[in-house]
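Please work through the exercises below with the sequence and the coordinates open beside you. Each task is followed by a solution that goes step by step.

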2 protein chains.
Amino acid sequence: MRIVETIETKRDGGALSPEAIEHFIAGYARNEIPDYQAAALLMAILLQGMTDDEIQALTLAMVRSGETLDLSDVAEIIVDKHSTGGVGDKVSLVALPAVAAAGLPVGKMSGRGLGFSGGTLDKLESIPGYRVDLSVTEFKDQLRQIGLVLTGQSANLAPADGKLYALRDVTGTVPSLPLIVSSIMSKKIAAGADAIVLDVKVGTGAFMHTLDEAVALARAMVQVGRSVDRRVAAHISDMNQPLGRAVGNSLEVIEAIEALSGEGPGDLVSHSLRIAGELLYMGGLVEGLEAGMQRAGAMIESGAALQKLRQLVVAQGGDVRYVDEPSRFLPAEIVETVVASDGGYLTGMEAAEIGMAVVALGGGREKKGAPIDHRVGVVMHAKVGDEVAADQPLFTVHANYEAGKRAAVARIQAALRFSDDPVPSLPLFYDRIA
Amino acid sequence: MRIVETIETKRDGGALSPEAIEHFIAGYARNEIPDYQAAALLMAILLQGMTDDEIQALTLAMVRSGETLDLSDVAEIIVDKHSTGGVGDKVSLVALPAVAAAGLPVGKMSGRGLGFSGGTLDKLESIPGYRVDLSVTEFKDQLRQIGLVLTGQSANLAPADGKLYALRDVTGTVPSLPLIVSSIMSKKIAAGADAIVLDVKVGTGAFMHTLDEAVALARAMVQVGRSVDRRVAAHISDMNQPLGRAVGNSLEVIEAIEALSGEGPGDLVSHSLRIAGELLYMGGLVEGLEAGMQRAGAMIESGAALQKLRQLVVAQGGDVRYVDEPSRFLPAEIVETVVASDGGYLTGMEAAEIGMAVVALGGGREKKGAPIDHRVGVVMHAKVGDEVAADQPLFTVHANYEAGKRAAVARIQAALRFSDDPVPSLPLFYDRIA
């Protein structure tokens, strides 16, 4: 009955001891604690919160539920990066090749998209042949050989998190700061990185809708990482509009290749350089964030970053001709551009709605495990703050059937807000927490 | 996924529609909604509360989950009574025979004891032969013939409550006002009573520890009963010490018989008359509570109430010689009286501890379904506010083995508080809510 006492303590607003948390996580992972008791405790945690010490104990208990990757035989320092998820976020595809090209190894196990938020694995699978199921040995070998890996979770990292997440998903207990922090950080810590850079999104296309929520999440994650001697920095970034212009898997890969070729949209390039710069700084290759951004920028200018992406694709079995000639990506059946009916200023957009419009086209999934159509998506031609003239292109829908295209056009049109008065453009970043 | 939306709405502090509540209760009763989703919702209800409308909808959904007893062919008006549970509470055994003797039919389905709180069924089973498993037909026939039934739950009343209660018990979600109210009132409404009198206990031997909690519970129960056109009155009564003097099954039956014979302890008699008076008033037999109390008192004085208890015992197969000669009840092996070591005033007691001392002697149960020893218990010789002289008897333990007796003596001694300064005695009632 010890788990009932744990539930009662949290229900009444008390703090749980590390032993009580370990008992819960270990018992749940071993199927000794039933789902219904875990569900009651998760709801109590969501509504009563957790102290920093409890979040740390919860994260470490989840790390202990599975394997821990030891990468110390691969390199002296390994960096990792995590985004809390958003719309059009292809930063990993641009920043990580730049970091690896600068000589800092990056081995990242990414996830798949769910709901409005895309996933790096789905994007990479747009490239025919690209494997995301490397074994731990393959992971380490490739990290040694080319200094860059982008694959799915191969080791049995923090299995308690997978089981808990599935339960949270069906019990209304996803949006809880302690549960989000421990879910993200347990996997990052188990994956063996020495330094972790977090990209915490806030806005209409993010899971966090207010700056206060995002800052609280970032602080808690930095705190947990610090408590286990990881170097951690978090950037709070804007997600009130898609990052870059493309939303949809192959469309985003194409945009990332353009960015690495010096032709990407300014916001995507700036965003990626900042994340890459922070990784170089946290990894000890440069003396500060600014120096890191410059180094990363140099890697893109010289073509070394694009070359690193080529190496990555080759190493993981992808057809590298798609990187060299992005026009090889199979286009969607229907490509239709919508223009502005009147002149005015784009004042805002519901970014999650744009993400869901792409999901509805088949470019994402509402349920885990559903298949994905890599060709479909949308390309936005205006950012918030832009003045648009009548008949100027607003966005282009890439669809594979007529009714889907019509629905996407209507949904995206409804997600855009215009005004006759100018509004400032949106910042890329709000804060850095380290 | 509709249940997830229901969980999310309550998690975020919203009110649930009657349809959402019906969907939850009906789905859970039919095993279509899994325990883990129900557990998350129960915890959200506990922490976020429910409006009066939600509590009403929850109660009625639970009523609809099973049978509803129709007693309209038995009598014009049927009254029922419920106590929220306490220590030494044998009021039903005194009040209900008085009410029935006055001509108002009482058909009550009682429960068993759990934890420190005793149960009427266990007490009645002290009488050899007494049956508590009457069928619905037997229930109705007996109600017609002698106007009094005291049995276990025979019909399939509010089965969702039984399933929910088992889940609440293992998920830390028992102490929730909306869940307590709907649990009690769904069974009372399904049992077919037209008027319901609630005895809501508050104090160290009750589930409610503060007057505010007890009043809130009483108001909510009255409100729900009213909303379905039941006449309901609640009395908030003191449970900071055992009611009467005896705690333990056969000891309490003996005390109830004494009370019906005009020889009971004053607090038990006064308490029982008030509940009986309210039942007579709610049942329309008298014009007010005072008149009801007088009528009930007259039933005891005339011996008609005791005669009604005899009829009850005979009708349900019990050996009525135990009512006529209570000395027939088999005594415990060891009967030891503890005296005061010093003189002073009894200023307070942990009534739940006294209840648990009796449970430990075998007179109650910590888990549902455990067997009970009807002979054991304790008789208190002093009430809070009494002056006790050195060597004056404080309490008598009735035990069946020496170590049990010693443990009970120590536990009860530790539960008593003394002072050199006088304190007032405790009131019997704090409030009436109707």
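The exercises that follow concern a predicted model, and they begin with the contact between chains before turning to single residues.

**Exercise 1.** Describe the contact of chain B and chain A by its residues, its buried area and its polar pairs.

*Solution.* Begin with the residues: chain B contributes 20 of them to the contact, and chain A contributes 21. Next take the area, since the size of an interface is often given as the accessible area lost when the parts come together. Here chain B and chain A bury about 1,600 Å² between them, and 76% of this area lies on carbon and sulfur atoms. Then turn to the polar side, where four residue pairs are in polar contact between chain B and chain A, with both residues at pLDDT 80 or more, while zero salt bridges are found across the interface.

**Exercise 2.** Work out which helices of chain B supply at least two residues each of the side that touches chain A, and how that side divides by residue type.

*Solution.* The helices to mark are H1 (2–11) and H3 (35–48) of chain B, each of which supplies at least two residues of this side. H3(B) gives the largest share, ten residues. Sorted by type, the side of chain B that touches chain A has twelve nonpolar, five polar and three charged residues.

**Exercise 3.** Determine what symmetry relates chain B to chain A, and through which surface the copies meet.

*Solution.* First superpose chain B on chain A, which takes a rotation of 179° with 0.1 Å of shift along its axis and gives an RMSD of 0.1 Å. That is the relation of a two-fold axis. To place the rotation axis, look for Tyr36(B), whose C-alpha, at 2.0 Å, comes closest to it of the residues of chain B. Finally compare the two sides: because 100% of the interface residues of chain B are also interface residues in chain A, the copies meet through the same surface.

**Exercise 4.** Decide whether Ile412(A) and Ser92(A) are buried or exposed, and list what each touches beyond four places away in sequence.

*Solution.* Ile412(A) sits in helix H17 (residues 402–415) of chain A. Its relative accessible area is 1%, which is under 20%, so Ile412(A) is buried. Ile412(A) touches Ile354(A), Ala357(A), Val378(A), Met380(A), Phe395(A) and Val397(A).

Ser92(A) belongs to helix H5 (residues 91–101) of chain A. The same cut-off applies to its relative accessible area of 4%, so Ser92(A) is buried. Ser92(A) touches Lys81(A), Pro97(A), Lys108(A) and Thr120(A).

Notes. Residues are numbered from 1 along each chain as its sequence is written. Chains are lettered from A and ligands numbered from 1 in the order in which they are written. This is a predicted model: local features need pLDDT of at least 70, side-chain atom pairs count only at pLDDT 80 or more; totals for chains, interfaces and linings use all residues. Side-chain values use heavy atoms; hydrogens and water are left out. Contact means heavy atoms within 4.5 Å. Buried area is the accessible area (1.4 Å probe) that two parts lose on being put together, summed over both. A salt bridge is a side-chain nitrogen of Lys or Arg within 4 Å of a carboxyl oxygen of Asp or Glu. A polar contact is a pair of N or O atoms within 3.5 Å; within protein, one must be able to donate a hydrogen and the other to accept it, and residues adjacent in sequence count only if both atoms are side-chain atoms. Helices (H or I, at least four residues) and strands (E, at least two) are DSSP runs, numbered from the N terminus. Ala, Val, Leu, Ile, Met, Phe, Trp, Tyr, Cys and Pro count as nonpolar, Asp, Glu, Lys and Arg as charged, and the others, Gly among them, as polar. Buried means under 20% relative accessible area, exposed over 50%, partly exposed in between (1.4 Å probe, protein chains only). Copies are superposed by least squares on the C-alpha atoms of residues with pLDDT of at least 70 in both.
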